Amino acid sequence: MNRSASTSSSLPREAKAASRMARLQDDASWRPAIGLGVATLLLAGAVYAGIATGFAGLAYPMQAEGSLLRDGSGQVRASAWLAQPFAGDGYFQARPSAANYDPMAAAGSNLARSNPALTERVAASTAAVAAREGVAPDQVPADLVTQSGGGLDPQLTPAAAQLQVARVSRARGLPVERVQALLQAHTEGRQWGLFGQPRVNVVTLNFALDHAAARP
């Protein structure tokens with residue numbers, strides 16, 4: 001009787017000890033996971049981001065600020081990477097925008113090539129551009145009447161920009177050669193000579209035109 005009672009009384013103690021040991025092991029297995037998560041958050045989310053942001057600000061100050069373009073008084077007028085509408089014949093016109101050039105609503109039209117609405121819009125835009133530039137509709141480059149995927153693409157093909165040189169020259173009273181030289185200066189080649197196509201940034205070109213017109 002005494003042996004049986006002693007054995008039965010030891011079982012709860014052993015069970016409690018085993019339970020306590022299991023809890024300690026569980027706690028021990030959670031600590032490294034929590035510590036690793038916190039360390040990763042601090043290193044990748046704070047330290048790395050701070051170093052990368054600081055390096056970008058020092059190495060590429062203009063790009064780090066958004067490639068902002070400022071006028072003579074220092075006021076921000078545009079970003080080199082965001083298309084915007086330009087009013088008047090004295091400016092090169094960018095691609096149409098399904099987002100109405102709103103950076104907070106960047107989007108394409110999402111119209112399929114088979115959609116009649118797309119065909120009608122492109123036809124109307126082609127006629128309008130042809131009338132504006134004084135050329136036949138079949139001479140209008142496609143990028144002047146089609147929208148980019150994000151609706152904020154500031155670049156045109158050189159052919160699309162070249163089509164507008166005569167109009168801009170007349171409207172500003174600048175020699176065609178001067179406008180042509182500015183266009184050539186703002187024509188970019190393939191990235192590293194390999195990727196993409198030659199292109200013209202309409203925003204920076206118009207900004208340069210304004211500065212050229214301000215100079216005697």
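A search of the whole structure, which is a predicted model, finds four salt bridges, a salt bridge being a side-chain nitrogen of Lys or Arg within 4 Å of a carboxyl oxygen of Asp or Glu. Residues are numbered from 1 along each chain as its sequence is written, and side-chain values use heavy atoms, with hydrogens and water left out. Because the model is predicted, local features need pLDDT of at least 70 and side-chain atom pairs count only at pLDDT 80 or more, while totals for chains, interfaces and linings use all residues.

Glu133 is a good place to begin. Its salt bridge with Arg132 brings the closest N and O atoms to 2.8 Å apart, and its side chain also meets that of Arg167 in a salt bridge of 2.9 Å, N to O. Glu133 lies in helix α3 (residues 116–133) and Arg167 in helix α5 (residues 165–172), so this pair ties together parts that are 34 residues apart in sequence; helices (H or I, at least four residues) and strands (E, at least two) are DSSP runs, numbered from the N terminus. Arg132, Glu133 and Arg167 are thus linked in a network of salt bridges.

The members of this network can also be described by their accessibility, where buried means under 20% relative accessible area, exposed over 50%, and partly exposed in between (1.4 Å probe, protein chains only). Glu133 is buried, with a relative accessible area of 9%, whereas Arg132, at 31%, is partly exposed. Arg167 is buried, as Glu133 is, and the buried residues in α5 include Val165, Val168 and Ser169.

Helix α5 takes part in another salt bridge, in which Arg172 and Asp210 have their closest N and O atoms 2.9 Å apart. This pair links distant parts of the chain, with Arg172 in helix α5 and Asp210 in helix α7 (residues 202–214), 38 residues apart. Asp210 counts as partly exposed, at 32% relative accessibility. Just after α5, Gly173 takes a positive phi of about 70°.

Asp210 leads on to the largest pocket, which holds about 150 Å³ of space. On a 1 Å grid over the protein atoms alone, a pocket is an open set of points where a 1.4 Å probe fits, with protein on both sides within 12 Å along at least five of seven lines, and lining residues have an atom within 4 Å of a point; the volume is the space filled by probe spheres set on the points, which are joined across faces, edges and corners. Eleven residues line this pocket, and the closest to its centre are Arg77, Phe86, Asn206, Phe207 and Asp210. The elements that give two or more residues to the lining are β2 (76–79) and α7, and α7 provides the largest share, five residues.

Elsewhere, an open sheet of three strands has the order β3-β5-β4, with antiparallel pairing, where two strands pair if DSSP finds at least two bridges between them. The edge strands, each pairing on one side only, are β3 (155–156) and β4 (187–188). Strand β5 (residues 199–201) pairs with β4 over two bridges in the antiparallel sense, and Val200 in β5 is the bridge partner of Thr187.

Taken as a whole, the chain has seven helices and five strands, and of its 216 residues, 28% count as buried.
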